[in-house]
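Hi,

Here's the structure we talked about. Have a look at it first, and my notes follow underneath.

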Amino acid sequence: MTDNNTNNSGGGGNAGLAFIVGGIVVVLAIVAYFVFARGGMAPESKDIDVDVNLPEVSAPAVPTVN
């Protein structure tokens with residue numbers, strides 16, 4: 001029998017990837033909090049008063065046919 005087993009079942013390189021993915025999840029959670037909950041800030045109330053005064057426009061006179 002041979003003692004040469006090439007079955008590598010270790011996953012040693014995944015710790016760095018898990019750290020990066022975890023950091024991305026935390027950053028996205030913080031961004032989502034500020035986007036959806038507005039960070040606990042009260043919304044500003046803006047007083048918008050629009051006054052539109054346009055000059056009266058009349059249609060041109062229709063020529064009469066003789």
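To start with, which helix is Ile20 found in? Ile20 sits in helix α1, which covers residues 14-36. Bear in mind that this is a predicted model. The protein has one helix and zero strands.

Next, the surface. Of the 66 residues in the protein, 0% are buried. The exposed area comes to about 7000 Å², and carbon and sulfur atoms supply 61% of that. Ile20 turns up again here: together with Phe19, Ile24 and Leu28, Ile20 forms a nonpolar patch on the surface. The accessible area of those four residues together is about 470 Å².

Then there are the rings. The structure holds one aromatic pair. Tyr33 and Phe34 are the partners, and their arrangement is edge-to-face, with 5.5 Å centre to centre and 75 degrees between the planes. As for Tyr33 itself, it counts as partly exposed because its relative accessibility is 44%, which falls between the 20% and 50% cut-offs.

Cheers

Note on methods
Residues are numbered from 1 along each chain as its sequence is written. This is a predicted model: local features need pLDDT of at least 70, side-chain atom pairs count only at pLDDT 80 or more; totals for chains, interfaces and linings use all residues. Side-chain values use heavy atoms; hydrogens and water are left out. Rings of Phe, Tyr and Trp (its six-membered ring) pair if their centres lie within 6.5 Å; planes under 30 degrees apart count as stacked, over 60 as edge-to-face and the rest as tilted. Buried means under 20% relative accessible area, exposed over 50%, partly exposed in between (1.4 Å probe, protein chains only). Patches are made of residues with over 30% relative accessible area and no salt bridge: like charges are joined within 9 Å, nonpolar side chains (Val, Leu, Ile, Met, Phe, Trp, Tyr) within 5 Å. Accessible areas come from the Shrake-Rupley method with a 1.4 Å probe; for residues, only the protein chains shown count as cover. A salt bridge is a side-chain nitrogen of Lys or Arg within 4 Å of a carboxyl oxygen of Asp or Glu. Helices (H or I, at least four residues) and strands (E, at least two) are DSSP runs, numbered from the N terminus.
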